[in-house]
Every structure is written in structure tokens, then in C-alpha cells.
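Welcome, and thank you for opening the viewer. Could you walk me through this structure, stop by stop, telling me what to select and what is there?

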Amino acid sequence: MGSSAAPSAQLTRFYRQYLQLERPLRFPDDSVLREDHAQTFLYEKLFRPGAVSHPPPLRYQVKALKELVSRIENSIDDWEAFEQGISEDLVTALAELLSVPLPSELIAAQQKCYVTYHQSLLDGPSPSGQDPRITLLESRFLLSAAGTTGLRTWEASFHLGQYLCAKPDIIRGRRILDLGAGTGYLSILCAKYLGAEHVVASDGSDDVINHLPENLFLNGLEGSDRILPMDLKWGHALLGTEESEWNGGRAIDVVIGADVTYDSRLHAPLAGTLQGLSDLHPNVEIIIAATERNEKTFESFLDTCQRVGYEVDHIDFPTVDAEEQMGPFYADWPPVHLCRLVRRTLHAEAAT
């Protein structure tokens with residue numbers, strides 16, 4: 001998004017990128033930054049004390065505001081023509097941030113931080129009066145000691161989320177199982193914005209499951225009967241720990257999974273769990289999103305699915321160029337594949 005974009009769009013994009021902890025930030029054009037109304041917007045939305053209920057880490061705030069002030073200063077080539085100069089509010093906010101002791105980079109990298117993802121395909125009035133957004137507490141820069149990848153949100157979740165926002169009827173009024181829910185991004189999106197009747201946010205990591213309630217709380221879903229965290233280890237029989245039937249015998253209409261195929265050692269257990277779900281719910285719809293970090297790994301997953309009786313229907317939903325995204329922001333390369341898994345028996349019935 002360059003100089004051809006409207007000033008309001010440039011400011012909105014910067015505001016949303018800042019709250020998503022994007023690196024590097026794409027700052028509005030100089031012609032926008034030097035305007036008093038633009039500086040007032042950025043101060044009121046991002047840097048006024050209390051403006052952001054769940055702000056980014058302190059080091060990030062300081063770096064972003066220092067560069068913003070520097071860019072504003074450099075954008076003004078005729079100080080007499082722009083008498084307002086640099087907003088005193090922004091300069092004061094920077095001075096106050098600089099007066100606070102910063103944690104070391106090592107300590108900062110080990111701390112969880114708030115990340116807010118805006119849902120641009122759902123833009124419009126919401127009951128809360130805010131743009132549709134999901135705020136999560138994430139470990140952005142480190143995997144846990146056990147190698148858990150579920151403590152931050154990955155590209156395939158954003159892409160699948162965009163697809164579901166574009167096709168909300170897949171979710172609306174239906175009962176959803178999110179495999180490898182991780183931070184809960186997709187589960188929260190389905191429960192809070194896409195009208196799911198119920199969402200099971202499942203993961204095989206105890207650490208991840210223990211952190212899910214915190215992210216549900218951040219999004220107003222604590223104690224909600226619309227979403228349920230569940231420990232679900234792939235390849236194990238679908239048996240409840242306290243119930244005679246898995247999930248209390250409640251139906252599942254749609255299974256979603258994002259970035260669940262990155263490790264080829266997990267393909268067989270994952271396929272086994274999908275088989276078990278299809279046995280319990282013969283008409284279940286299964287949609288998987290996979291970032292193609294390694295072509296052979298993705299092909300291995302597809303081969304495993306076909307071997308256990310699934311046809312793979314590829315979904316055509318291209319990633320929006322990074323320069324054109326308005327939230328959530330994610331890399332447009334490598335590609336993210338979306339596919340729908342359909343049991344061959346269902347294909348055969350449909351054909352007859």
C-alpha cells in the first residue's frame with residue numbers, strides 16, 4: 001500500500017499493524033504524517049496513555065514511536081508552511097516511554113505479549129463499537145522448552161480465517177472442532193464473529209490447553225458455553241475422560257485445522273483422528289490449511305489422507321498480496337494450501 005492509497009487507509013493500516021506487532025511497520029507517506037489530523041489520530045489511537053487496553057511490549061512501543069517522530073520531523077521540509085510541526089502529545093509520549101527502564105532484549109524475548117489481529121473482511125459496526133479484532137497473549141519470539149509451536153499464531157490460521165470470513169455459512173449455526181487450536185485464534189473467530197453454535201478448541205499440548213482460558217478471557221468468551229477447550233491427542237481413541245461418549249455424544253459438523261501438517265511424523269496419527277471423527281460423524285466437513293514450507297512434507301500429508309480413504313479437494317483461495325492486506329497481516333509466500341477432505345464413500349454416494 002503506497003502513495004496511491006487514501007490517507008485514511010494508510011493510517012488505519014499502520015494502526016492495525018502496530019497492534020499486531022508487525023516488523024517492519026509500513027509507515028504512512030510523508031505527506032500524510034506531516035498533517036496535524038494524522039498525528040492526532042495516531043496519538044489518540046495508539047500512544048495516548050490508556051488508549052490501548054492491551055498494549056505491545058515496551059521495547060516495541062519505544063522503537064515504533066521513535067521512528068514515527070523521526071519520520072514526521074524528516075517529512076517537514078518547510079517548517080513555516082507547517083506551523084503545527086510535530087505533535088507535542090507524541091513528543092511527550094515518547095519522552096515518557098523513554099523514562100521507563102527497558103527490560104533486556106533477552107528478557108523481553110522470553111515474555112509473553114499482547115497481539116491484536118484485525119479482521120478486515122468483517123469490517124463494519126460491531127456490538128462493542130470496535131473494529132472486529134482478536135487479542136491474544138502469545139509467545140512471539142520463542143518456542144517453549146518442550147518445542148511447542150502452539151503459543152503463537154501462524155500464517156495458515158490467518159489464511160484459513162480469511163477464507164471462513166469470506167464464506168461464513170461454513171461456520172454459522174454449526175458445531176466446530178478446531179484441531180491443534182494453539183492460541184485459539186480460529187476458535188475465537190468462529191465463536192465470536194462467525195456465529196458458530198459451539199466450538200471445541202482442541203490441542204494435544206497440556207501447556208497450550210492451560211493457556212487457552214486466558215485468551216478466551218481477553219475476547220469476552222470466558223465461561224461461555226459456546227466454546228470448550230479440550231485435550232485431544234491425535235491417534236488416540238476418541239474417548240472422553242469423564243463421559244462414556246466422546247464430546248458427550250454431541251455432534252460435530254465441521255473440523256478445521258491450520259498448520260497441523262508441518263511434521264510428517266504426525267501425519268498418521270492425525271489421519272487416524274480424522275478417521276475416528278468421520279466414523280462418529282459421517283457427514284462431517286473437514287478443512288485443512290497448510291503452509292508449504294516443505295513440498296515433500298505437504299505431499300506426504302496428502303498421500304496419507306488418500307491412503308486412509310479421503311479424496312482431497314483443493315480450495316482456490318489465493319493469499320492477498322502483503323502490500324494490500326488490511327489485517328490480519330501475514331506473509332504471502334510460501335503459499336498456504338487449503339483443502340477439503342472428503343471420504344470416498346461420500347463421493348461415491350454423491351455420484352450415484
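Before the first selection, please keep in mind that this is a predicted model.

**First stop: a pair of helices**

Select His267, Ala268, Leu270 and Ala271 in helix α10, then add Thr297, Ser300, Phe301 and Thr304 in helix α11: here the two helices meet. By class, this contact has four nonpolar, four polar and no charged residues. Now show the whole of α10, residues 267–280, together with α11, residues 295–307. At what angle do these helices pack? The angle is about 35°, and the axes lie 10 Å apart. The crossing of α10 and α11 is right-handed.

**The whole chain**

Zoom out and colour by secondary structure. You will find twelve helices and nine strands in the chain. The chain has 352 residues, and 49% of them count as buried. If you look at contacts between residues at least 6 apart in sequence, 74% join residues at least 24 apart.

**Into a cavity**

How many cavities of 30 Å³ or more does a search of the whole structure find? There are two. Let us visit the largest cavity, which holds about 70 Å³ of space. Select Lys112, Leu137, Leu151, His211 and Asn215: of the eleven lining residues, these lie nearest the centre of the largest cavity. Next, highlight helix α9, residues 206–218, which gives the most to this lining, with five residues. By class, the lining of the largest cavity is made of four nonpolar, five polar and two charged residues.

**The loop between α1 and α2**

Move to the loop that runs between α1 (7–19) and α2 (30–33), and select Glu22 there. Is Glu22 buried or exposed? Glu22 is buried, because its relative accessible area is 18% and buried means under 20%. Show its surroundings as sticks: leaving out residues up to four places away in sequence, Glu22 touches Gln17, Tyr60 and Phe329.

Stay in this loop and select Pro24, which is also found between α1 and α2. Look at the peptide bond joining Arg23 and Pro24: this bond is cis, with omega of about -5°. Such a bond is worth a pause, because most peptide bonds are trans.

**Another cis bond**

For a further example, select Trp333 and Pro334. The peptide bond from Trp333 to Pro334 is cis, with omega near 0°. Pro334 has its place in the loop between β8 (310–315) and β9 (336–343).

**A glycine in the β8–β9 loop**

Select Gly327, found in the loop between β8 and β9. Gly327 counts as buried, at 2% relative accessibility. Which residues does Gly327 touch, not counting those up to four places away in sequence? The answer is His118, Gln119, Ser120 and Gln162. Try a distance label between the C-alpha atoms of Gly327 and His118: they are separated by 5.0 Å, though the two residues are 209 residues apart along the chain.

**A histidine in β9**

Go on to strand β9 and select His337. With 22% relative accessibility, His337 counts as partly exposed. Its contacts, not counting residues up to four places away in sequence, are Ile288, Ala289, Ala290, Glu292 and Phe298. Label the C-alpha distance from His337 to Glu292: it is 7.1 Å, with their positions 45 residues apart in sequence.

**Two residues with positive phi**

The last stops concern the backbone angle phi. Most residues other than glycine have a negative phi. Select Asn247 in the loop between β5 (227–231) and β6 (254–258). Asn247 is not a glycine, yet its phi is positive, at about 55°. Asn247 is buried, with a relative accessible area of 2%.

Where does Asp259 lie? Look in the loop between β6 and α10. Asp259 has a positive phi of about 55° and is not a glycine. At 10% relative accessibility, Asp259 counts as buried. From here you can follow the chain to α10, whose residues 267–280 bring you back to the opening stop.

Note on methods:
Residues are numbered from 1 along each chain as its sequence is written. This is a predicted model: local features need pLDDT of at least 70, side-chain atom pairs count only at pLDDT 80 or more; totals for chains, interfaces and linings use all residues. Side-chain values use heavy atoms; hydrogens and water are left out. Axes are lines fitted to C-alpha atoms, for helices over the stretch in contact, and angles run from 0 to 180 degrees between N-to-C directions. Helices (H or I, at least four residues) and strands (E, at least two) are DSSP runs, numbered from the N terminus. A crossing is left-handed if the near helix is turned anticlockwise from the far one by less than a right angle, and right-handed if clockwise. Contact means heavy atoms within 4.5 Å. Ala, Val, Leu, Ile, Met, Phe, Trp, Tyr, Cys and Pro count as nonpolar, Asp, Glu, Lys and Arg as charged, and the others, Gly among them, as polar. On a 1 Å grid over the protein atoms alone, a cavity is a set of points where a 1.4 Å probe fits but cannot get out, and a pocket is an open set with protein on both sides within 12 Å along at least five of seven lines; lining residues have an atom within 4 Å of a point. Grid points are joined across faces, edges and corners, and a volume is the space filled by probe spheres set on the points. Buried means under 20% relative accessible area, exposed over 50%, partly exposed in between (1.4 Å probe, protein chains only).
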